[in-house]
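Student: Can we go through this one together? I'd like to start with the strands and then look at the rings.
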Amino acid sequence: MASNKKPRIKDAAFRRCLSVVLITLLGVVLLLFLLQTNRVSHLVSRYSNELDPNLELNDNFSQFRRILNIPKQNELSILLENKNQLPPRNLDLFPELANDHITIVLYVHNRPQYLQVVVESLSRVVGIGETLLIVSHDGYFEEMNKIVEGIRFCQVKQIFAPYSPHVFLDSFPGISPTDCKDKDDRGKRHCVGNPDQYGNHRSPKIVSLKHHWWWMMNTVWDGLKETRQQSGHILFIEEDHFIFPNAYHNLKVLTALKPEKCPNCYAANLAPSDVKSRGEGWESLIAEKMGNVGYAFNRTVWRKIHRKAKEFCFFDDYNWDITMWAMVYPSFGGPVYTLRGPRTSAVHFGKCGLHQGQGERVSCIDKGLVNIKVEDIDKAGNINSKWGVHVYEHQEGYKAGFKGWGGWGDVRDRELCLEFANMYHFRYGASS
């Protein structure tokens, strides 16, 4: 009899132990769900108080959604879209913008240490108080938000990509439970998605790079009331671009000289296309291929880019800049030059990728510091309007014929990309 009881006692103990483990796991899952729910509820409560009840939010958005094939929004997505319509802050400190101001757009993800460095560099830019700074967020991250809310040196407006994969935690454009992953065989796994040219399925964290840039461009040029009627140049910078004090002055000089000195130039750049270069130091302006550090172009150029939406959205590369160099610019029918000075006014200092984010490492900055030497020549305008132009006709880099690094093969991403190109044209009738 005794020998028969021992196994039953052990079985009973095992079942009790298993029950405790299962209950603990369920408790952890429930806690994570409640934390996320509370985060969204906190944001809704906080920003609902900021919204002006007289604002016309979403412009008959329900009808607009029926026209476009865009994902159904969750509570956070709707909140962020409404927040995008708030007026700029600091109007009490800077009530007027200069008539010839150049709007600055800073696009960010989740690298707060980087952003702090960039904001501090912008605070020392000569003339920054005369312009509008637009900060475009890919996802909502409280530490990033606090840094931007602390800006007091110019008018500042925040916009948040409402269809960012970082806003959708359990559905497209984020991670959906039915999505194929890595190199899954869709037929065997009965999952959703199209692989890229290398057989890899989408990664929401990676595709958000291209989605954010394209959504931001369409929103700034054609969506925001502050900029959708603006015809002049707009400057675009990232959260790992250190901006020198003379950058804004130099940019205004370059954009004024461009029609005369380089009529075929599409843009003006604050830095060389080679991100490791600080410039030649010559007494000459430089015309070269358009770079991705501190670039500015006008509405005429944006219209040319916008007309290539299909080329942009269907090229199998998750990088917006490589897509532009390898597919969009070559389709213009000639060289796409930009005009810059012989000495950089911006420096790329990032040591980790744009969407590696704060969660991947404690810090992407060595010892939390960035040591960028700013000399006296970098503190005031250093471009001479009498200089000639040196043209780099043949440069290395991505060109037509490059087939892309992949990561952008899912039909859903391509279709959403095209919808971003259409959304404000349906809403406001923007001209193409």
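Student: How many bridges join β2 to β3?
Tutor: Six, and the two strands run parallel. Strand β2 covers residues 132-137. This is a predicted model, by the way.

Student: What stands opposite I134 in β3?
Tutor: K157.

Student: Which helix lies across β1, β2 and β3?
Tutor: Helix α5, residues 142-149. Its direction is at about 160 degrees to β3.

Student: And the whole sheet, what order do the strands have?
Tutor: The order is β3-β2-β1-β4-β8-β6-β9-β7-β11, nine strands in an open sheet with mixed pairing.

Student: Which are the edge strands?
Tutor: Strand β3 (155-160) and strand β11 (389-391), each of which pairs on one side only.

Student: What does the twist average from one strand to the next?
Tutor: It averages 30 degrees.

Student: Switching to rings. How many aromatic pairs does the structure hold?
Tutor: There are 21. Take W214 and W302: the ring centres are 5.7 Å apart and the planes are at 55 degrees, so this pair is tilted.

Student: Why tilted, at 55 degrees?
Tutor: Because stacked needs planes under 30 degrees apart and edge-to-face needs over 60, and the rest count as tilted.

Student: Where do W214 and W302 lie?
Tutor: W214 is in helix α7 (residues 204-222) and W302 is in helix α9 (residues 299-306). The pair therefore ties together parts that are 88 residues apart in sequence.

Student: Are those two buried or exposed?
Tutor: Both W214 and W302 are buried.

Student: What about Y266 and F332, stacked or tilted?
Tutor: Stacked, with 5.4 Å centre to centre and 20 degrees between the planes. Y266 belongs to strand β6 (residues 265-269), while F332 sits in the loop between α11 (320-328) and β9 (337-340), so parts 66 residues apart in sequence are tied together.

Student: Buried or exposed, Y266 first?
Tutor: Y266 has 15% relative accessibility, so it counts as buried. F332, at 14%, also counts as buried.

Student: Back to the tryptophans. Which residues do ring pairs link into a cluster?
Tutor: W214 and W302 are in it, together with W213, W221, F236, Y295, F297, F312 and W320.

Student: Which residue lies over the face of F312?
Tutor: K210, at 5.0 Å from the ring centre.

Student: And over the face of W325?
Tutor: That one is K289, at 4.9 Å from the ring centre.

Conventions. Residues are numbered from 1 along each chain as its sequence is written. This is a predicted model: local features need pLDDT of at least 70, side-chain atom pairs count only at pLDDT 80 or more; totals for chains, interfaces and linings use all residues. Side-chain values use heavy atoms; hydrogens and water are left out. Rings of Phe, Tyr and Trp (its six-membered ring) pair if their centres lie within 6.5 Å; planes under 30 degrees apart count as stacked, over 60 as edge-to-face and the rest as tilted. Helices (H or I, at least four residues) and strands (E, at least two) are DSSP runs, numbered from the N terminus. Buried means under 20% relative accessible area, exposed over 50%, partly exposed in between (1.4 Å probe, protein chains only). A charge sits over a ring if NZ of Lys or CZ of Arg is within 6 Å of the ring centre and within 35 degrees of the ring normal. Two strands pair if DSSP finds at least two bridges between them. Axes are lines fitted to C-alpha atoms, for helices over the stretch in contact, and angles run from 0 to 180 degrees between N-to-C directions. Contact means heavy atoms within 4.5 Å.
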